[in-house]
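Please look at the sequence and the model below. The explanation after them starts with one helix and then turns to the backbone in several loops.

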Amino acid sequence: MTLEKPVQRGTGRRARALAMLAVAGLVITACSSGGGGSSGDTSTVTVTYQQFGGSHVQEQFLTGVKAEFEKANPGVTINLQPITASENDYYTKLQLQMRTPKTSPDVVYEDTFLINSDIEAGYLRPLDDQLNSWPEWNQFTSTAKGAGRALDGKTYGVPDGTDTRAIWFNKEIFAKAGLPADWQPKTWDDLLTTARTIKAKVPGVIPFNIYAGKGLGEATSMQGFEMLLYGTGATLYDSNAKKWVIGSKGFTDSLQFLKTVYDEELGPTPQQVLDPNWNNNVSQQLTPKGQVAISVDGSWVSHNWLPGDANPWPQWNTVMGNAAMPTQEGQAPGKVSMSGGWTWAIPKNAGNPDKAWEFIKLISDREHQLKWDIDNVQIPVRPDVSGDPTYTAANPTNEFFSSLVPITTYRPAYAVYPRVSNEIQVATESVITGTADVATAAKTFDDQVRSIAGDAVMTAAGS
């Protein structure tokens, strides 16, 4: 509503700098061959976005907007610049492009969790002056507006939708295992019991897919680990104390759950899940082939199966079911979800910021947000879109995933979150591969967060 080549672990800014330098040559080469920024050319607006695996829904959507914009603005060319890459590679390449006027795009597709870190790095420009004079900004929910707002109080991105996360399960596999088609797990034990039943009765399928490891980047953190952590009652960040939380029992319990799944071979193999494209493989290939029984994933997944997308699958709605992710022991509120989302932003080094803003206004109006939210199976951030009967009728899962919004949790998208998130990925990988036990992985995470956040760290109550 709510993504990868592994990020090598290191300490502080040195590790991030090395990661950027590793792909700098590739990005600069791409830019110099016509794929880069507009470099002050006011007749061109360069728009950069991520190409997600075999899905072309965003490419098709943007191609239509490009044609509209160019017709309304004679002499102006929209240069669509997809970056076909895993999630972590996309973030790194985008940041490298935004560093200088020579390579900077004019409009970028910016994940909300990077807003603060990219502002701190000086990559983005505030949009408050433009937003204050744009009447349609009043049509966005206050929560959505907050997604693009930084700690300095200024807004740096216009959201194009949000998402929630839950469980997808294959009802045909469930039938073979003697499990109900209206399955709704109440606890983590329910998840494990069901996965064990499927393993015993339906060999040859992956009983339970939950993401882990560095290769999948934020998919590991959000779709995987944080869906567990927030179901324990623990948190990553204490908003009242304004500190990052370490040493929580919920953190070790979440790692232990992952260890159980992988030790008992209830999920994919570590080799599979460490593939940077594993999340795309699951949704675009394995699930339509009936090779995954249960998967914790996002509200948007079904767009891969719609006509014209990565793997059209007309039967998906009768085959696939949905269930809320349960809390650890079934404690209130009984279910958990995580939300994120993406925004359209203008880099500080954009060569054509005025036309870039005009493009963002067009892509963010009611008509285009309605089309995008339908095509990409997004949860709308404009009430005039979410209340449109065309949207509610467009996909049979829209109502279910939208119903999770009241209980969902948003990431603490502060400047250091991407680094904390990376340490989550490191911890999960060490546990599922057996290179560290749960206690060691948790302690390493705690030590790294202390190094990252300094004084803004607190030990969980009762630890």
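**Helix H19 and some backbone exceptions**

In this predicted model, helix H19 covers residues 417-432, which is 16 residues. Because each residue should add 1.5 Å, the expected span is 22 Å, and the end C-alpha atoms lie 23 Å apart, which agrees. The expected figure uses one less than the number of residues.

H19 is also mostly covered: 16 of its 16 residues are buried, where buried means under 20% relative accessible area. After the helix comes Gly-434, with a positive phi near 80°.

The next cases concern backbone angles in loops. Most residues other than glycine have a negative phi, and most peptide bonds are trans.

Lys-242 is not a glycine, yet its phi is positive, about 60°. This lysine, Lys-242, sits in the loop that runs between strand E7 (237-238) and strand E8 (243-246). Lys-242 counts as exposed because its relative accessibility is 58%, and the cut-off for exposed is over 50%.

Glu-265 is likewise not a glycine and has a positive phi, about 55°. The loop that holds Glu-265 lies between helix H10 (249-263) and helix H11 (270-273). With a relative accessibility of 57%, Glu-265 therefore counts as exposed.

The last case is a peptide bond. Ala-332 and Pro-333 are joined by a cis peptide bond, with omega about 5°. Pro-333 belongs to the loop between strand E11 (325-326) and strand E12 (335-339).

How values were computed
Residues numbered from 1 in each chain as written. Predicted model: local features only at pLDDT ≥ 70, side-chain atom pairs only at ≥ 80, totals over all residues. Heavy atoms only, no water. Helix = DSSP H or I, 4+ residues; strand = E, 2+ residues; numbered from the N terminus. Buried < 20%, exposed > 50% of the residue type's maximum accessible area, 1.4 Å probe, protein only.
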